[in-house]
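This report covers charge pairs, the nonpolar core and the surface of one protein chain. The sequence and the structure come first.

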Amino acid sequence: MRKDVILPGIAAVGGAVGFGLRRWQLHAGFEPDTGLAIPGAPASMALVACSAAVALLLLLLVWNTRERMNWERAFAGAGGCQVYMTAMVLAAFLLLMSAGIEVLAYPGALQSAKSAESWGLRAAATVLPPLRILLCLGGCPCVLIWGRTLYRGGEGGKESLPLLELCFLFCVWLVSNYQSCAADPVALDYIWEVLAICLSLLGLYYVASYSFLKEVRPRRAVMACLLGVFFSLTAMGGELSLSELLRGGFSVLFLSAHAALILQERPAGGTEEGTAAEEKEADDNG
């Protein structure tokens, strides 16, 4: 079974369904006057059920993916793969566009920050947008450097700092999201965006783990990446800004590409050095 195709496909199709359900929820799941969630609204129930079903299905299909691999074997399928490199170029371009949109929107955000109630909110609204802009700008070459390394099969993937820059970007985005949603009492109005950012960050963390650690649990890495894809697509059906939509698109491309690489079927062994290391790890764990 081609898990490297089927599982990312399930996450993408499920995310497309979640996108539609999220749009339905926005139109029929909240009271038009107060904005409060309607208890037992079919749209909200269907979205929760869809999320649980996709997560359970992915978990069942990825359960047997337990073989621990070093980063060379895990991402060996990227070597010379034009589809992978195209996905990385598009992902980098989406981050660059996100930075550009943030630059255009910053004067309005700065004006709104001056009317914030507390100095803490004013400081956050002033500092966080430029930080997001810088990290999105830096994330563009970081994605290209990492993608080129895997495409060429070089040694630069070990202890790759560009991956940490991407993790930091999503940490800042999570803080920004909390700063804007903390006063919202309706969890169903923003929980999908929070899940998208958190699962995407977790997926980036596990991808980076292959670069920094000798032992990585592939099941956790694949689950985090695929759920990041699903919730990013679902959240894109909500009321996100254009820059957030572009970052969500980056998550979909980057995480699905690396989940597919990890899931690719490959003969056990690889290099003699890698084989010896894996046998030693198996003996230590045994």
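E102 and R132 are both buried, where buried means under 20% relative accessible area, exposed over 50% and partly exposed in between, with a 1.4 Å probe and protein chains only. The two side chains form a salt bridge whose closest N and O atoms are 2.9 Å apart; the term requires a side-chain nitrogen of Lys or Arg within 4 Å of a carboxyl oxygen of Asp or Glu. Because E102 lies in helix α4 and R132 in helix α5, the pair ties together parts that are 30 residues apart in sequence. R247 joins E102 and R132 in a network of salt bridges.

The model is predicted: local features need pLDDT of at least 70 and side-chain atom pairs pLDDT 80 or more, while totals for chains, interfaces and linings use all residues. Residues are numbered from 1 along each chain as its sequence is written, and side-chain values use heavy atoms, without hydrogens and water.

The count of salt bridges comes to 4. Three of the pairs are listed here.

| Acid | Base | N to O distance |
|---|---|---|
| D4 | R2 | 2.8 Å |
| E193 | R22 | 3.4 Å |
| E102 | R132 | 2.9 Å |

The pair of E193 and R22 links distant parts of the chain, with E193 in helix α7 (residues 191–212) and R22 in helix α1 (residues 3–28), 171 residues apart. E193 counts as buried at 8% relative accessibility, and R22 does so at 1%. D4 is buried as well, with a relative accessible area of 9%.

The chain has 10 helices and 0 strands; these elements are DSSP runs numbered from the N terminus, helices being H or I of at least four residues and strands E of at least two. Of its 286 residues, 47% count as buried. Among contacts with a separation of 6 or more, 82% come from residues 24 or more positions apart, a contact being heavy atoms within 4.5 Å.

The largest nonpolar core has 71 residues, and L58, F75, V143, F250 and F254 have the most contacts inside it. Such a core is a set of buried Ala, Val, Leu, Ile, Met, Phe, Trp, Tyr and Cys residues joined through side-chain atoms within 4.5 Å. Helix α8 supplies the largest share of this core, 12 residues. Of the 18 residues of α8, 16 are buried. In helix α9 (residues 242–263), 18 of the 22 residues are buried, so α9 is largely enclosed by the rest of the structure. Beyond its neighbours within four places in sequence, F254 is in contact with residues including M88, V143 and W146.

S160 sits in the loop between α5 and α6 (161–181). At 5% relative accessibility, S160 counts as buried. Leaving out residues up to four places away in sequence, S160 touches W146, S211 and F212.

On the outside, the chain exposes about 14,000 Å², with carbon and sulfur atoms supplying 66% of it; the areas come from the Shrake-Rupley method with a 1.4 Å probe, and for residues only the protein chains shown count as cover. F93, L96, M97, L134 and L137 make a nonpolar surface patch of about 450 Å². Patches consist of residues with over 30% relative accessible area and no salt bridge, with like charges joined within 9 Å and nonpolar side chains (Val, Leu, Ile, Met, Phe, Trp, Tyr) within 5 Å. The largest share of the patch, 3 residues, comes from α4. F93 lies in α4 and counts as partly exposed at 46% relative accessibility.
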